[in-house]
Amino acid sequence: MPAELIRILIGLVAVAVSVGLIGLVMVWVERKVAGHIQRRPGPFEVGPNGLLQPLADALKLVGKQLFMPDKADPILFWLAPVLSFLPVLLLFLPLPVGDGLLALDINLGLLLILAFSGLAVLSLLLGGWASNNKYGLLGAARAVSQSVAYEIPLLLSVLAVSFVAGSLNLAEVVKGQGTWPWNWNIMTQPLAFLIYMVSALGETNRAPFDLPEAESELTAGFHTEYSGMGFGLFFLAEYANMVVVCSVATALFLGGWHGPVLPGPVWFVLKVSLLMLLMVFLRWTYPRVRFDQLLNINWKWLLPLAVLNLLATSFFVKLAQTW
Amino acid sequence: MDALLKGLAVNYLAACDFSKAGKSWQVILPAASLVKAAERLHAADYFIEDVCALDCEEGFVVTYHFAHFAIPGRVALRVVAPHDAPAVPSIAGIFHGAEWHERETRDFHGVVFEGNPNLIPLLMDPDMADCFPLRKEPKSRAKMRDVLEAGQVVHCDPAFDLMTPAAPPDASDAAQAPAGDKATA
Amino acid sequence: MTHTPLLEQVAGDFYTNNFAKNAQEGSLILNLGPQHPSTHGVLRVIVEMDGEYVLRAEPVLGYLHRMHEKMAEVKTAAQFIPNMGRVDYGHALGWNWAFVGAVEKLAGIEVPERAEYVRVITCELNRLASHLLWWGAYLLDLGAFTPIMYAFDDREKLLDILQIPTGSRLTYSYYRIGGVAEDLNEDCIARIREFIPWMRSRLPMYKDLVSDNIILRKRIEGVGVIEPEACRRFGATGPVIRGSGIAYDIRRSDPYSVYPKLDFEIPTSELMDARGRYDVRIAEFEQSLRIIEQCLDMMPEGEVLVKGAPKPSWKAPKGEAYFAVEGARGKIGVYLASDGGKTLYRTKLRAPGFCNLSLFAEVSRGTILADAVAILGSLDLIIPEIDR
């Protein structure tokens, strides 16, 4: 038991450090990519090519005064950003970064991830409600219906993969895949991959599904009244969620740490970075989907397709077993 | 225009030179005929351009400009409202866009449009709703005939002399100098 | 001892209270603006919402009201021209033209032919700049952050071109009574000739990347249907009415200047929704480029300001005049009445946005909030011209 505990603690420390680093790197990447897509250089002044810009941003956010609106509920108001950020640290534990390199090697790794990512919804709701602000309320209501809706196809597509692999343990799923792309699960489950990526965009409130924080309609949605570190925590949590979701996609569909020549963790990081870059590109290219269209996409397209995919998968798995 | 407004009580109807004044017809009506005239114009597919007012000696000249999508030219309907109690019936029930124009005219001149569904200040602050910035001092007001375009008169009510030139340079059948000097209330 | 009122007792201002008088049970009354990222200026719209649906909407104006019409009674006719640049910063030259044209009509002043061509060229360039601004800002409202950057890239070139004769980048006061202030020099004309093919080469990219994008199409198709009959009742003009199928353009219906000699089309759309208005404005890019090309070729030599043009102390003769031009947003009308005194007796500025916005309350009833924002953007509003 103590060995397990030590392993989890080391994992937590590593996760905390890397989440901070990831936040910094992602801020720079996002702003640079946004700039270049928009034909401008992006952050340029702070540090060579703007590399120290995230540091400046972080210092600014930390240094701001923490204040809340007059009639806001203080406990809930300050609980919301904390609640959005802390559970995310937990989500990193079952992720296999390399062969045997994971903090928590349990049978229900996937279930753990899916369960705790539901807490993010709660934090959005609390943030919007506790702000005593009509915009916040509208943003929170949107966030809840969106997150709840998109969890289902996410779950179903993940289930399809675990049917094939026979386990909910991410390490097992990755081990079941091979070194080369044609051995990865994306070959056997392409539809599940697509459904997963779209649902991931919906879950993490990233564009084109970023209605809960739709700037041009709701000023800033559920985080209208947050500034300084409160906003910083929401921000960090969003990036951390993105990383979790991309990491799960990598582990399930893109072969995890498998890859020729280079060591496992390097491949893992490369693949996760590729998926993150894809998400950033999507944000700066497409307009926003309208809210009812968002739910339509989910209930009329993703869900039936995910169900069909699951049924087909289970059919073929059973067939393969009996043979 | 003459044919369109047949049967309504009209004080003054003149055809104007479009290239000079920017309008083809000028009609001065009593307030009672305004709504019916607007209905006729609506039925003839005219659209409302704007509603404004001028502060002249004889009263507030509330001007309605209408135009047509297919027929070139512009029609100016005018109603003269007295200074002490300026009230004009609203045409917002027929041309819904007039609601905002009438609110603006009330803000600037204080003309009350009876029947306007929402006669609250549009551009002025509610605290300054009674400021009426475009009203003029009595000594700087001009006569209607000096400012407005006379045009070629088609019909002029004999009792209506607000547009009759005071001293016409040449005699025309509309301008009668002796009649112009007779004062009417 | 002063008693500070609690927040609950401060229950909204005059307009919110007036609006709330007819509120339904259980609805949410929300103020969009006056500070809001997508109301294109200082516009406030009070909406009554049932969940995501807009039950009622009422625009509240006056936040940008500077009483230009009173200023016109205090300044002489020639002194009032710079005001026209501030009324609508998007299409300032259109307003310049409307006012100067009205004064010229009143006084019977002929404008030299070269000046007419210069006016057409600069006005159409300004129209392009205005449409680019609209396009970028509209897509920003809909959540796409990139097209506005591309639009502003094009707009920089336009603004640099227009800076040469006018001296300003945005709020132009370039036209004078009897012509324009300065001629277009060789450098300016060369730059315009360079600009036209470059702009033409950008349009297909905008079409592929933005106009044909499925998400954009889903956001604006079927949204904000405005019947032509509603346009008539409210006096809406410009792309709003052309997007509803009626080909009404002042440049063809009441032609002015040299437009009768030019060959261009009036784009219309039968769609009547936000997509129709979008398509009309995009098509107008090409038409404006055509007009500019023809003018550059047809422009004669000569003066650009009539001899004996009015000085600032000039008094307008007695009479009245109404002059309308086709602005980027619709029919810009200026009505002048003069009693021969130092200043004009009455100046009425007829803003196209004023009538276009008055449609909004009716059109947005029953739509989703996101659609209401899309409709507001498709009307192409610039609030300073609505408030004047």
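**Chain contacts and helix packing in a predicted three-chain model**

With 16 C-beta neighbours inside 10 Å, C:Met67 counts as partly exposed, because a residue is called buried only at 20 or more such neighbours and exposed at 12 or fewer. This residue makes a convenient way into the structure, which is a predicted model. C:Met67 sits in the loop that joins β3 (53-60) to α2 (68-74) of chain C, and its phi is positive, about 60°, although it is not a glycine. A second non-glycine residue with a positive phi is C:Asp380, where the angle is near 55°. C:Asp380 belongs to the loop between α15 and α16 (383-387) of chain C. Its surroundings can be put in the same terms: C:Asp380 has 27 other C-beta atoms within 10 Å and is therefore buried.

The domain assignment of chain C lists domain 1 (7-60) and domain 2 (68-355). Taken over C-alpha atoms, the centres of domain 1 and domain 2 of chain C are separated by 33 Å.

Two helices of chain C, α5 and α6, can be followed in some detail. For α5(C), 29 residues at 1.5 Å a residue should span 42 Å, and its end C-alpha atoms are indeed 42 Å apart, so expectation and model agree. The helix is mostly covered, with 27 of its 29 residues buried. After α5(C) comes C:Gly143, which has a positive phi near 105°.

A partner of α5(C) is helix α4 (residues 92-107) of chain C. The axis of this helix comes within 8 Å of the axis of α5 (residues 113-141) of chain C, and the two cross at roughly 140°. That crossing angle makes α4(C) oblique to α5(C), because the antiparallel class begins only over 145 degrees. On the α4(C) side the contact is made by C:Ala92, C:Leu93, C:Gly94 and C:Trp97, which meet C:Arg119, C:Thr122, C:Cys123 and C:Asn126 of α5(C). Sorted by class, the residues in this contact are four nonpolar, three polar and one charged.

Helix α6(C) has 20 residues and reaches 28 Å from its first C-alpha to its last, close to the 28 Å expected at 1.5 Å a residue. Its buried residues are C:Pro147, C:Ile148, C:Tyr150, C:Ala151, C:Asp154, C:Leu158, C:Ile161, C:Leu162, C:Pro165 and C:Thr166. The cover over these buried residues of α6(C) includes α5 and α7 (186-211) of chain C. Like α5(C), which is followed by C:Gly143, α6(C) is followed by a glycine, C:Gly167, whose phi is positive and near 85°.

Turning to the contacts between chains, two pairs of chains touch, and the pair with the most contacts is chains B and C. Chain A and chain B do not touch, and their nearest C-alpha atoms lie 25 Å apart.

Between chains B and C, 32 residues of chain B are in contact with 35 residues of chain C. On the chain B side, the elements that give two or more residues are α1 (18-21), β3 (46-56) and α4 (144-147) of chain B. Of these, β3(B) gives the most, with six residues. The residues on this side of chain B divide into 19 nonpolar, four polar and nine charged.

Between chains C and A, 27 residues of chain C are in contact with 24 residues of chain A. The chain C side draws at least two residues from each of β1 (28-32), α5, α6 (147-166), α8 (214-220) and α15 (369-378) of chain C. Here α8(C) gives the most, with four residues. By class, the residues on this side of chain C are 17 nonpolar, five polar and five charged.

Chain B itself has five helices and eight strands. From the N terminus on, its elements run β-α-β-α-β-β-β-β-α-β-α-β-α. Of the 185 residues of chain B, 48% count as buried. Among contacts in chain B between residues at least 6 apart in sequence, 52% join residues at least 24 apart.

Note on methods. Residues numbered from 1 in each chain as written. Chains lettered and ligands numbered in written order. Predicted model: local features only at pLDDT ≥ 70, side-chain atom pairs only at ≥ 80, totals over all residues. Axes fitted to C-alpha atoms, helices over the stretch in contact; angles between N-to-C directions. Parallel < 35°, antiparallel > 145°, perpendicular 65-115°, else oblique. Contact = placed C-beta atoms within 7 Å. Nonpolar A, V, L, I, M, F, W, Y, C, P; charged D, E, K, R; others polar. Domains from an automatic or database assignment. Expected span 1.5 Å × (residues − 1).
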